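Here's a quick tour of one model, written for someone who likes to check geometry by eye. Load it up and follow along.

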Amino acid sequence: QVQLVESGGGLVQAGGPLILSCAASGRTFTNWAMGWFRQAPGKEREFVATIRLRSTRYADSVEGRFTISRDSAKNAVYLQMYSLKPADTAVYYCAASSVSSSLQGDYGYWGQGTQVTVSS
């Protein structure tokens with residue numbers, strides 16, 4: 001059974017950092033794209049970042065502040081978030097896709113999400 005489990009969410013002050021982790025089990029995602037999405041209250045889920053092999057892509061809203069990385073040996077992906085803003089408050093989801101994409105529909109595996117709250 002494939003599982004993606006996010007961790008690292010919490011409450012942080014604006015301007016602060018936070019690192020999210022996603023541990024995958026049940027299969028190896030070495031050549032797959034791993035992505036982060038988020039859903040703020042009352043809004044649709046949106047793309048944040050994705051990584052496939054060494055290629056990365058970011059949403060404009062997080063470019064320069066967030067960094068996605070992966071550790072294939074650990075079957076894990078990370079999202080380093082810096083200069084956090086209240087607008088970054090959302091549930092953050094880890095997902096896996098067989099293609100490099102920013103589209104939610106291309107991701108077949110999803111985690112349950114981890115809450116990130118940025119206070120002003």
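A residue is called buried when its relative accessible area is under 20%, exposed when that area is over 50%, and partly exposed in between. Keep in mind that this is a predicted model.

**The disulfide**

With that cut-off in hand, start with the cysteines: C22 and C94 are both buried. Their sulfurs are 2.1 Å apart and form a disulfide. How many disulfides turn up in the whole structure? The search finds one. The torsion about the S-S bond is -75°, which makes the link of C22 and C94 left-handed. In sequence terms the bridge ties together distant parts of the chain, with C22 in strand β3 and C94 in strand β9 (residues 90-97), 72 residues apart.

Right beside C94 in the numbering is A95, also in strand β9. A95 counts as buried because its relative accessibility is 0%, and the buried class takes in anything under 20%. From A95 you can hop over to Y107: the two are twelve residues apart along the chain, and their C-alpha atoms are separated by 6.1 Å.

**Aromatic rings**

Y107 brings us to the rings. F37, F47, Y93, Y107 and W110 form one aromatic cluster. Going by ring-centre distances, the count of aromatic pairs comes to eight. One pair worth pulling up is W32 with Y109, which is tilted, at 5.8 Å centre to centre and with 45° between the planes. This pair also links distant parts of the chain: W32 sits in the loop between β3 (18-25) and β4 (33-39), while Y109 is in strand β10 (residues 107-110), 77 residues apart.

Are W32 and Y109 buried or partly exposed? W32 has a relative accessible area of 18%, so it falls under the 20% line and is buried. Y109 comes in at 27%, so it lands between 20% and 50% and is partly exposed.

Two arginines also put their charge over a ring. R45 has its charged end over the ring of W110, 3.8 Å from the centre, and W110 is one of the members of the aromatic cluster. R27 lies over the face of F29, at 5.4 Å from the ring centre.

**Empty space**

F29 shows up again when you look for voids. A search of the whole structure finds one cavity of 30 Å³ or more, and the volume of the largest cavity is about 50 Å³. Which residues line the largest cavity? The lining is made of F29, M34, R70, D71, S72, N75, A76 and V77. Two strands, β7 (66-71) and β8 (76-81), are the elements that give two or more residues to this lining. By class, the cavity lining splits into four nonpolar, two polar and two charged residues.

There's an open site to look at too. The largest pocket has a volume of about 180 Å³. It is lined by 14 residues, and the closest to its centre are R38, A40, K43, E46 and A87. The pocket lining has seven charged residues, along with four nonpolar and three polar ones.

**Backbone oddities**

Now for a couple of residues you might want to flag on a Ramachandran plot. Neither L53 nor S83 is a glycine, yet each has a positive phi. Here they are together:

| Residue | Phi | Place | Relative accessibility |
|---|---|---|---|
| L53 | about 55° | loop between β5 (46-52) and β6 | 48%, partly exposed |
| S83 | about 50° | loop between β8 and β9 | 41%, partly exposed |

Why does L53 count as partly exposed? Its relative accessibility is 48%, and the partly exposed class runs from 20% to 50%, so L53 fits in there. The 41% of S83 puts that residue in the partly exposed class for the same reason.

A little further along from L53 is S55, in strand β6 (residues 55-58). S55 is partly exposed as well, at 46% relative accessibility. For a long-range distance, try S55 and V91: they are 36 residues apart along the chain, and their C-alpha atoms are separated by 24 Å.

Conventions
Residues numbered from 1 in each chain as written. Predicted model: local features only at pLDDT ≥ 70, side-chain atom pairs only at ≥ 80, totals over all residues. Heavy atoms only, no water. 1 Å grid on protein atoms, 1.4 Å probe; cavity = no way out; pocket = protein on both sides within 12 Å on 5 of 7 lines; lining within 4 Å. Points joined across faces, edges and corners; volume = space filled by probe spheres on them. Helix = DSSP H or I, 4+ residues; strand = E, 2+ residues; numbered from the N terminus. Nonpolar A, V, L, I, M, F, W, Y, C, P; charged D, E, K, R; others polar. Phe/Tyr/Trp six-rings, centres within 6.5 Å; stacked < 30°, edge-to-face > 60°. Buried < 20%, exposed > 50% of the residue type's maximum accessible area, 1.4 Å probe, protein only. Lys NZ or Arg CZ within 6 Å of the ring centre and 35° of its normal. Disulfide = S-S within 2.5 Å.
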